[in-house]
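Work through these exercises with the structure at hand. Each task is followed by a solution in steps.

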Amino acid sequence: MLIAEIIRKKRDGQVLTADEIAEMVQGISDDSASDAQIAAFAMAVLLNGMARDEVAALTLAMRDSGDVFDWSDLPGPVVDKHSTGGVGDNVSLMLAPIVAACGGFVPMISGRGLGHTGGTLDKMESIPGYVATPDNARFSKVVQQVGCAIIGQTAQLAPADKRFYGIRDVTATVESIPLITASILSKKLSAGLGSLVMDVKFGNGAFMPDFDRARELAISITGVAGAAGLPCHALLTDMNQPLADAAGNAVEVTTAVEFLMGTRREPRLLEVVIALCGEMLVTAGIENDRHRARELALSALEDGRAAERFGKMVAALGGPADFMENHTAHLPQAALQRAVPAPAAGCVSAIETRDVGLAVVELGGGRRVSSDAVNPAVGLTGLLPVGAEVEKGDPIAFVHADSEEAADQAQATLLSAYAIGEPPEPQPVVREIIE
Ligand code: URA
């Protein structure tokens, strides 16, 4: 069928066949569909939606537009987690080695930060020598030997999604739940996973702030993954405040190392990490009972096996062999560090989390456009959580900046992001699990 006819059919609210969807994706991959046609198709889907079978067909066609990893040689289940992104969300750095220490294999293909949310890949690249885009042979070897490898997306994985996403990004069509579902799952299926856990964030620091929309996305992803043969559970987690008490690149790696080594574990972060690890162990079939799976994950964290895996992964991918012991000496430090004093006594009653993420971007730790370089050293630490009591002048956070001017700007953004007032009602960090 002509590309224009496929667009017309979707424009008129009809259901496309798997063949028609495959033709559209073929057009995206081989450039026989123009940018204008792809944009029109995206808008037709955004306005008219897609049935689950259509989304599954789109997912599989985009997966098959490039390489698909085959891990059938590995002696255990292959499992990953994907987060819709947040602020201070360094969960992946702890979760991959914990699950590896429990017998799972985690080939984690992660993304860069864009907008106010941080990217796992940028964080890992703050480790000197770390090769975040190894060739496939090295990636496979590290996964096999260590149990986990955190790397970046290669051009060979779901290339149709890359072109499609680039067009959606500039045509106000990113927000379509069917298109987000197919975009995320096509990449995860190309990684050759046996099961997947989604961390779908909601709240004022999330890509999708509204809980009901985030829940709709979680239901769409778990349903389509199941239809595509990938067991998938989703956790809906609160992003109405930063998850870790740090936001940035090297500063979030430091938090992850301290967490793995047991020097410091923020309770909210611990809860999300263990809940996601438990769910990964359940979907991977390593443990059937959710409660026992969480205990298994906690024991791998507490007895140091997870820290050991992380250290091995860093060394295997070119980072320092003594990274866990000497991370402070290895990670870049910003030129100056400054405390941000609370303007009044009271309780942290709310945080504009998106603005905290934007403060990191202003410091140079994130990107305004995808071609920007990030400064790995800058960021925020000691971010007080919602509910913390402060006296006037107590630090609500520390700014790590490369100039006084950048620090002034980040300080002003943080002061307007933090509301000091009455204690709010405590909220659960994991709101719901969708199987
Ligand atoms: N993240 C993705 O990978 N794809 C989308 O469409 C939206 C968020």
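**Exercise 1.** Find the ring whose face lies under R431, and give the distance to the ring centre.

Solution. The model is predicted. Start at R431. The ring is that of F211. R431 lies over its face, 4.6 Å from the ring centre. Now take R265. This residue lies over the face of F259, at 5.7 Å from the ring centre. Check both against the cut-off: a charge sits over a ring if CZ of Arg is within 6 Å of the ring centre and within 35 degrees of the ring normal.

**Exercise 2.** Establish the strand order of the four-stranded open sheet and name its edges.

Solution. The order is β1-β4-β5-β13, with mixed pairing. β1 (79–83) and β13 (430–434) each pair on one side only, and these are the edge strands. From one strand to the next the twist averages 15 degrees. Next, look at β1 and β4 (residues 195–202). They pair in the parallel sense, over five bridges. For a register point, K81 stands opposite V197 in β4.

**Exercise 3.** Place helices α9 and α12 against this sheet.

Solution. Take α9 (residues 177–190) to begin. Helix α9 packs on the sheet and touches β1 and β4. Its direction makes about 155 degrees with that of β1. Then take α12 (residues 267–283). Helix α12 lies across β1, β4, β5 (232–238) and β13. Relative to β4, α12 runs at about 150 degrees.

**Exercise 4.** Describe the three-stranded open sheet and the helix α17 that packs on it.

Solution. The order is β10-β8-β12, and the pairing is antiparallel. The edges are β10 (389–390) and β12 (418–421). Strand β8 (residues 346–351) pairs with β12 over four bridges. Within that pairing, A350 stands opposite A419. Helix α17 (residues 404–417) touches β8 and β12. The direction of α17 makes about 45 degrees with that of β12.

**Exercise 5.** Classify the aromatic pairs F69–W71 and W71–F139.

Solution. The structure holds five aromatic pairs. In F69–W71 the ring centres are 5.4 Å apart and the planes are at 15 degrees, so the pair is stacked. In W71–F139 the centres are 5.6 Å apart, with 80 degrees between the planes: edge-to-face. Now locate the partners. W71 is in the loop between α4 (52–63) and β1, while F139 is in helix α7 (residues 136–146). They are 68 residues apart, so this pair links distant parts of the chain. Add burial: F69 and W71 are buried, and F139 is buried too. Finally, combine the pairs: F69, W71 and F139 form one aromatic cluster.

Terms used
Residues are numbered from 1 along each chain as its sequence is written. This is a predicted model: local features need pLDDT of at least 70, side-chain atom pairs count only at pLDDT 80 or more; totals for chains, interfaces and linings use all residues. Side-chain values use heavy atoms; hydrogens and water are left out. Two strands pair if DSSP finds at least two bridges between them. Helices (H or I, at least four residues) and strands (E, at least two) are DSSP runs, numbered from the N terminus. Axes are lines fitted to C-alpha atoms, for helices over the stretch in contact, and angles run from 0 to 180 degrees between N-to-C directions. Contact means heavy atoms within 4.5 Å. Rings of Phe, Tyr and Trp (its six-membered ring) pair if their centres lie within 6.5 Å; planes under 30 degrees apart count as stacked, over 60 as edge-to-face and the rest as tilted. Buried means under 20% relative accessible area, exposed over 50%, partly exposed in between (1.4 Å probe, protein chains only).
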